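Me: I would like to understand the reasons behind some of the words used for this structure, so please take me through them step by step.

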Amino acid sequence: MAKIEELREEARRLLRDGKVKYIIGYGTGRDGWRAVPIFIRQPEEADRLIWNPTCVHNLSRFLADEKRRQAREKKPDRRPVGIVVKGCDSRAIVVLLQEKFIRRDDLVVLGVSCEKTGVIDEDKLTDKLKGKKPEKIEFGDQGEFIVAAGNEKIAVSAGELLAERCRECRANFPVIYDFLTGEKSPRPVERPFGSIERMEALSSEERWAFWKNELEKCIRCYACRSVCPMCYCDECVVDSISLAVTADTTAEEKAQKIKWVQKSPEISENFVYHLVRAIHLGGRCIDCGECERACPLEIPLRFLNKKLEKEAKELFGYEVGFDVSQPPLISCFRDDDPGDFIR
Amino acid sequence: MTEEFEPRIVAFLCKWCSSAGSDLAGVSRLEYPPNVVPIQVMCSGSISPLYIFSAFNKGADGVLVSGCHPGDCHYTKGNYYARRRLNLVKKLLEYIGLEPERFQMSWVSAAEGQKYTQVIKQFVEELKPLGPQTKLRRNG
């Protein structure tokens, strides 16, 4: 069992010794049961850290913000940042390290192991409780969830509430860490790409109908992009307004700027946006499922990104986010890469 | 009488091999279908997946990417990068339900004018039964 006391103690020590400037972790939200990201700077605040099945967020997203903040400041505090990570989040950090976006020395990684379980899918919990308001959710000793709601405590098997991504997760403990609480016991996953295989079994027309139906809903709020730890580009190709418009950009230059994607949420434009995002995440997405969780229209974006993770593994034998020393997927090649689709 | 559907193909040709190959087909007076809009790029490795999505978005019925044979790249390894990246693009387009025939890739050297015409002929033959590409096309 991952022990929150161990984590708090370590956080307290790091902050007291001034080893880190702050720690990004999980705290209790204002509704009393959901976890929210918190930033703690004082040793006394370490007690605010929590670890429970609602810690769904991938906090490595905040590392991009930290990097920008440092670049802006005149005299930045160069001490490392502490960050609490689950197995999936640690893979995101591995990818960021592979891309040399962040430096290992700038991080103190506080790992927590999900062990036999993972985090919950809130929709499943709502269905399970049939309208009752949850008050607290904890990990049980046997890999179940203990849900407290309406004066009673019920044990729910992990399978019932676990987020879909957690059921296909191959990293139930952090792959990179400076401190770890919980066991490092690998959990067998029968079909890590089961959901994708089900999609692939459909006919081409059925898949088209599925994606058309889903992406038609997209309102282009870009929540998926904002929440994604991999979407850290300073300028996004789909924002034609943000494409390097400076004070001396002439009107003519602006008019002639290539608009790759229109801003209007039409289906054709939505497809270009989501395809571009998927391909940019190819070999980088570690399936933290944040895009899907943040999506207000519940578009199953995981299915797009996970597909490329599967292809990376099958075509190129590339496992995303496990090995810091390997180069990123599309900035390397092998002489014997498959080319059977080429005439 | 209805007119036969003529597909429009956007072909990204690398300057050093495929573009020269298409030139060779031209100067050799080889006949091939006029359905291609060739776009010369410096290297097949310089083709962003966005070019391909954008071509479909703007109404291409098929997209061809053609570069030097492996080992022949003017920049030594651009086509190897292209092979890896565009394989992913092809898989992704198939996955969302676009007909797999609509995106093709070929290696055509500067000496292979004949092969270039073959690639185009075959591509056009494959696209004709599919009809216009409307899935990713922008309306209006």
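Reply: Let us begin with a definition: two residues are in contact if their C-beta atoms, placed from the backbone, lie within 7 Å. Please keep in mind that this is a predicted model.

Me: Which residues of α13(A) and α3(B) meet in that sense?

Reply: From α13(A) come A:Lys307, A:Leu308, A:Glu311, A:Leu315 and A:Phe316, and these meet B:Arg84, B:Asn87, B:Leu88, B:Lys91, B:Leu92 and B:Tyr95 in α3(B). The residues of this contact divide into 6 nonpolar, 1 polar and 4 charged.

Me: Why is α13(A) called oblique to α3(B)?

Reply: The axes of the two helices, α13(A) and α3(B), come within 10 Å and cross at roughly 130°. Angles over 145 degrees count as roughly antiparallel and those from 65 to 115 as roughly perpendicular, while angles under 35 degrees count as roughly parallel and the rest as oblique. The crossing angle therefore makes α13(A) oblique to α3(B).

Me: What makes β5 and β7 of chain A edge strands?

Reply: In chain A, 3 strands form an open sheet in the order β5-β6-β7, with antiparallel pairing. β5(A) and β7(A) each have a single partner strand, so one side of each is left without a neighbour in the sheet, and they stand at the edges.

Me: How do you know that β5(A) and β6(A) pair?

Reply: Two strands pair if DSSP finds at least two bridges between them, and 5 bridges join β5(A) to β6(A). As one example of bridge partners, A:Ile137 has A:Val147 in β6(A).

Definitions and conventions: Residues are numbered from 1 along each chain as its sequence is written. Chains are lettered from A and ligands numbered from 1 in the order in which they are written. This is a predicted model: local features need pLDDT of at least 70, side-chain atom pairs count only at pLDDT 80 or more; totals for chains, interfaces and linings use all residues. Axes are lines fitted to C-alpha atoms, for helices over the stretch in contact, and angles run from 0 to 180 degrees between N-to-C directions. Helices (H or I, at least four residues) and strands (E, at least two) are DSSP runs, numbered from the N terminus. Ala, Val, Leu, Ile, Met, Phe, Trp, Tyr, Cys and Pro count as nonpolar, Asp, Glu, Lys and Arg as charged, and the others, Gly among them, as polar.
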